[in-house]
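These are my notebook entries on a structure that I looked through step by step. I begin with a single pair of side chains and then turn to the contact between chains, the empty spaces and the backbone.

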Amino acid sequence: MSADRGPVDARLAAASESATEPERYEFRAPAVHHFELQRRDFFKFLGAGVLVVCALKQVAVGQESGARPPGGFGFGEPLPKEISAWLHIGENGVVTVYTGKVEIGQNIRTSLAQAVAEELRYPLGKIELTMGDTQLTPYDMGTFGSRTTPTMNLQLRKVAAAAREQLIALAAAKWNVDAQKLKAVNGRVEIAGTRKSIAYGELVAGQQLTAVIPADDPLIPPAQWTVEGRSISKVDGRDFVTGKHRYPSDQTLPGMLHGKILRAPSFGGTLVSINAPSFDLADNVTFVRDGSFAGVAAASEDAAIRALNSLQAKWNEQPQISNSDLFAYLKSNPVDATGFDGAQKYETGSVDKDLAAADHQLHQTYTVSYIQHAPLEPRAALAQWSGNTLTVWTGTQRPFAVRTELAQAMHVPEEQVRVLMPDMGAAYGGKHTGECAVEAARLARAANAPVKLVWTREEEFTWAYFRPAGVIDVAGGIRSDGTLVAWEFTNYNSGAAAVRTFYEAPSQRIVFQPTRYPLRQGSYRALAATANHFARESFMDELADAANMDPLAFRLKNLKNDRLRAVFEAAAEKFGWNRAKPAPGHGFGIGGGFEKGGNVATCVEAAVDRESGFVKIARIVVAFECGAIVNPANLKNQIVGANVMGLGGALFEKIDFANGRILNPKFSEYRVPRFSDVPPIDVVLLDRKDIPPAGAGETPIVGLAPAIGNAIFQATGKRLRSLPMVPNGLNRA
Amino acid sequence: MASVIKLHVNGTLYPVTADPRASLLSVLRDQLDLTGTKYGCGEAQCGACTVLIDGHPRRSCITRVGTAAGRQITTIEGLEQHGKLHPVQEAFLAEEAMQCAYCTSGMIMTAVAFLKANPSPTEEEIEHAMEGNICRCGTYPRILAAVQRAAQKGTQS
Ligand code: FES
Ligand code: FES
């Protein structure tokens, strides 16, 4: 991520243009580790066969050897140290793919297997993916930022295509025929037009062939890239509907104990003293105190809870700021730093002059609250020591980073720590860290037995991290014909992603100002982009109103970007923006934008009950385009899911806190979207086969909140500038 | 304190040693290794822990194991019969009504009980019956479609 280190302005400029700009609050990872396995170790471990590895671009592999086979990949050379993925075809015909990416509900176990199946011409069901195991899979920074589709999907396609070519070359040599006459079909190589064929497994018997392909090989030009774009169901769907799949919290080991942690009454509390407890012998309790860390492990969860409740501790607490002071606090506590941690600024033209000279000018402030990811599966870990070697099964988006965390916390070398990540119950950017894994490891060491720790919902709501809150000041100037001439936008704390405007404005000043902040904050599905789009797209509506123009026409007048125009037009068309008129008490709203290589426009119809002030979203239309479509059904699922989740943050999700305590750490007090909140959601997919695919886990969320706010404005004349907009209905907003 | 409790789960009788006040959820998961039933909140708010007790949907997180003694308990693991999935399970697969699928067992159990009581429901009735189950991944529209599909299958057969 060397681009992160450039001069600030260049960074911001690059951010708006690049599809995969790193999110500020994504925990950044150190440089890629060296992978130690030797070529012969691979075969010892995997058995004979054909191995294709994808080398990261830092290493120039096979370039200088000159002895490349017709397939165009390095052959029999030493393996590169930095690898992103590999694929092995064994003599038994088993195809195994290894990637450090993890499955968190975004369905990449299926979409990656699909990519391999298509290129390798191999039945999908016979491809095994080993994911996110720090001992077996290549290093990976983490599964976030919607990067899996743009990177890993293409890399695996290339790996699988290279493997296919190698199989064909093997068959050509075996039969002494021209490779041109051969083709790979459904797990066999055959001589075209004849009945002669051979199974992959047979072909690779006794072989120990390796091929290395560089990850940055010029991609197959997107125009020729054949994406089948077929919809296929989850490869292991049956395990989920039968309850067989074992999530991180379902892992067990013989002799396993259950852990519980004693939590401080408020953030940053330090443990002053704790009574020497006496436990029921039958409960087999281990008690640990280490600094301000205290916890127990016991034979059952029940026994652990009893033991925990018997502890009496004295804590030292610090006064802290509360919800009510939050936004004033953020604005008055800028962080004065340089480099990546400092302010980012982009300026062009003469903002102050153009603003003053504009026919209409407007200033507004928008805010976003802290919210919680609240994945349905809370953090969970099972830790096991064997001597000084530690194995932890845990739910995380970053197994390799958690390995580092464990090694540091437990003072053991990283080589002695293995982290495995069973497909987990979602994360949405909320599980980048390894708190639970470290706690389980600490208890397991003391107990001298495997310990499982599953956080309670309250713990997950309190001790995980939050989507940053923020304040955004916007000013804009337009000519009376609706032309945008000046734009000023300052985001305090919530993040720089998508902070730049995609509308044309000759004069702009755009600032991201980091601040001090009261709660532990981190990644969230499209976190800063959601806040920045909310402010920008709400403000565009306010400007349209000032210019007395239709909100869509006003946007299009100031928008040149073709891809964005296309999604706005597609959403409006499907929605009937120019045809339908809202019923009394209803309003239409539109919002959209660009982030992480995806373009989205969202139209919303909101219904407001005048009496109760209750806001119901009547329907949503989302138009989305992220390049070539890999799997349309899954893409739609992701888009619908993002919008359902977005309803919560837009309408009612909000963390209440006071003096270091979370006041609503339960689903009964923190409202999340439910069945009845969800309107019909119509998705329009634009397929751009000429553009390599980008991920879609996040961007589809960003147009929703402003579209809702704009619809509520049209219905009621009331402008809502804080997320969530109606935690207690409109009358108290 | 701990005593021996007879639990009938998925047609099998298990004597378990547990404090009768312990949650049914923890006993199912930790003692019987039936981990298909999930923890999501512990306060009857999310439905991830739903099981059937004598055919009725119950939140196992707030059900004391002692009160379930001697009753017929069905968990997600007990729906499949002789290798054949329950129509609701089939429908969830057919509609791909899951993302992370952590909510799926609770959704399926709730739907199974509901469709038994109301084999041809309206969309509103389904929505109402499922309102207590949270899908944080937001797969609600597909889950609705899956329950509808199962209902149609059920009335056809
Ligand atoms: S865990 Fe029982 S309802 Fe949520
Ligand atoms: S699919 Fe993840 S919670 Fe429902």
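**Entry 1: Salt bridges**

I looked first at A:Arg263 and A:Glu459, whose side chains meet in a salt bridge with 2.8 Å from N to O. This pair links distant parts of the chain, since A:Arg263 sits in the loop between S10 and strand S11 (270-274) of chain A while A:Glu459 belongs to helix H12 of chain A, and the two are 196 residues apart. I keep in mind that the model is a predicted one. When I searched the whole structure, I found 45 salt bridges over all chains.

**Entry 2: Where chain A meets chain B**

I next asked how many residues each chain brings to the contact, and I noted 59 residues from chain A and 50 residues from chain B. The size of an interface is often given as the accessible area lost when the parts come together. For chain A and chain B, I wrote down a buried area of about 4300 Å², of which carbon and sulfur atoms give 53%. Three residues, A:Val241, A:Leu376 and A:Phe675, supply 21% of the area that chain A buries against chain B, which is more than any other three residues supply.

I then turned to the charged and polar pairs, and the count of salt bridges between chain A and chain B came to seven. One that I looked up is formed by the side chains of B:Arg29 and A:Asp250, at 2.8 Å from N to O. Across the interface of the two chains I also recorded 27 residue pairs in polar contact, with both residues at pLDDT 80 or more.

Which elements give two or more residues to the side of chain A that touches chain B? I listed helix H6 (237-241), helix H7 (301-309), helix H12 (457-463) and helix H16 (632-651) of chain A. H16(A) gives the most to this side, with eight residues. Sorted by class, the side of chain A that touches chain B has 24 nonpolar, 18 polar and 17 charged residues.

**Entry 3: A pocket lined by both chains**

I moved on to the second largest pocket, for which I noted a volume of about 740 Å³. Of the 32 residues that line this pocket, the closest to its centre are A:Glu301, A:Ile305, B:Ser23, B:Ser26 and B:Tyr39. The elements that give two or more residues to the lining are strand S10 (257-262), H7 and strand S20 (451-454) of chain A, together with helix H1 (24-31) of chain B. I divided the lining residues of the second largest pocket by class and got 11 nonpolar, eight polar and 13 charged.

**Entry 4: A cavity in chain A**

Rolling a probe the size of a water molecule over the atoms shows where empty space is left. A search of the whole structure gave me six cavities of 30 Å³ or more, and about 90 Å³ of space lies in the second largest of the cavities. Among the residues that line the second largest cavity I noted A:Ile371, A:Arg467, A:Tyr524, A:Met645 and A:Leu723. H16 and helix H17 (704-716) of chain A are the elements that give two or more residues to this lining, and H16(A) gives the most, with four residues. By class, the lining of the second largest cavity has eight nonpolar residues, three polar and one charged.

**Entry 5: The backbone**

A:Leu723, which I had met in the cavity lining, is joined to A:Pro724 by a cis peptide bond with omega at about 0°. A:Pro724 itself lies in the segment after strand S30 (722-723) of chain A.

Lastly I looked up A:Asn176, whose phi is near 55°, a positive value in a residue other than glycine. I placed A:Asn176 in the loop between helix H4 (148-175) and strand S6 (182-185) of chain A.

How values were computed: Residues are numbered from 1 along each chain as its sequence is written. Chains are lettered from A and ligands numbered from 1 in the order in which they are written. This is a predicted model: local features need pLDDT of at least 70, side-chain atom pairs count only at pLDDT 80 or more; totals for chains, interfaces and linings use all residues. Side-chain values use heavy atoms; hydrogens and water are left out. Contact means heavy atoms within 4.5 Å. Buried area is the accessible area (1.4 Å probe) that two parts lose on being put together, summed over both. A salt bridge is a side-chain nitrogen of Lys or Arg within 4 Å of a carboxyl oxygen of Asp or Glu. A polar contact is a pair of N or O atoms within 3.5 Å; within protein, one must be able to donate a hydrogen and the other to accept it, and residues adjacent in sequence count only if both atoms are side-chain atoms. Ala, Val, Leu, Ile, Met, Phe, Trp, Tyr, Cys and Pro count as nonpolar, Asp, Glu, Lys and Arg as charged, and the others, Gly among them, as polar. On a 1 Å grid over the protein atoms alone, a cavity is a set of points where a 1.4 Å probe fits but cannot get out, and a pocket is an open set with protein on both sides within 12 Å along at least five of seven lines; lining residues have an atom within 4 Å of a point. Grid points are joined across faces, edges and corners, and a volume is the space filled by probe spheres set on the points.
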